[in-house]
Amino acid sequence: MLNLVLLNFVLHIVLRLESRAINRYLARKHKDIGTDLLQSNSLAESALAETWMEVEAHQFDRPITAILRQIIVNPMYGIAPDEKAIETEMEKLGKVLDVYEERLSKCKYLAGDNYSLADLHHIPPLVYFMKTTKANAITSRPHVSAWWNDISTRPVTVKISANMKV
């Protein structure tokens with residue numbers, strides 16, 4: 001049973017890493033259709049988008065994935081959540097969200113005034129996170145909460161999120 005949990009978790013990590021690469025590819029390929037998710041018309045804006053994508057991948061994703069594993073995945077396999085691990089990861093996530101709060105007090109989206117892949121990459125884990133009792137980590141920060149409300153109510157996000165069941 002534990003091997004199955006571990007395998008599922010490893011697959012999740014691999015798929016998340018691969019999905020970021022696939023998203024970048026698709027954003028480059030279709031940059032002239034719809035939203036320019038990589039902000040490719042400006043080197044400065046593109047660098048900001050890339051920077052915040054790195055923050056998401058290396059600072060945000062690790063604690064939120066660990067929290068979701070404890071709160072959602074482990075119970076699916078009959079494993080009790082480790083409250084100490086959740087608390088430790090919530091502290092890490094809180095620090096990241098404090099940085100986001102500061103950033104989002106100055107601009108609408110993480111990479112500036114335009115929606116980008118930096119924002120989009122947060123949606124899958126946040127859809128699940130917002131269904132937990134820990135959602136107040138987002139809603140208690142006014143700018144992060146406004147940002148989440150904005151990115152989570154985009155028509156495509158609403159459509160896809162409807163199929164993301166716990």
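Reader: Helices (H or I, at least four residues) and strands (E, at least two) are DSSP runs, numbered from the N terminus; with that settled, how many of each does the protein have?

Author: The protein has eight helices and zero strands. This is a predicted model, in which local features need pLDDT of at least 70 and side-chain atom pairs count only at pLDDT 80 or more, while totals for chains, interfaces and linings use all residues. Residues are numbered from 1 along each chain as its sequence is written, and side-chain values use heavy atoms, with hydrogens and water left out.

Reader: Where do K92 and E89 lie?

Author: Both lie in helix α3, three residues apart, which is about one turn of the helix. Their side chains meet in a salt bridge at 3.3 Å, N to O, where a salt bridge is a side-chain nitrogen of Lys or Arg within 4 Å of a carboxyl oxygen of Asp or Glu.

Reader: Is E89 buried or exposed?

Author: E89 is buried because its relative accessible area is 15%, buried meaning under 20%, exposed over 50% and partly exposed in between, with a 1.4 Å probe and protein chains only. K92, at 43%, is partly exposed.

Reader: Which side chain meets R20 in a salt bridge?

Author: That is E56, at 2.9 Å, N to O. E56 lies in helix α2 and R20 in helix α1, so the pair ties together parts that are 36 residues apart in sequence. E56 is buried, with a relative accessible area of 0%, and R20 is buried too, at 6%.

Reader: And what does K108 pair with?

Author: K108 forms a salt bridge with D150, their closest N and O atoms being 3.4 Å apart. K108 sits in the loop between α3 and α4 and D150 in helix α7, so this pair links distant parts of the chain, 42 residues apart.

Reader: Changing topic, which residues have the most contacts inside the largest nonpolar core?

Author: Y100, F129 and W147 do, in a core of 35 residues; such a core is a set of buried Ala, Val, Leu, Ile, Met, Phe, Trp, Tyr and Cys residues joined through side-chain atoms within 4.5 Å. Its largest share, eight residues, comes from α2.

Reader: What does W147 touch?

Author: Leaving aside residues up to four places away in sequence, W147 touches several residues, among them Y100, L104, K108 and D119, a contact meaning heavy atoms within 4.5 Å.
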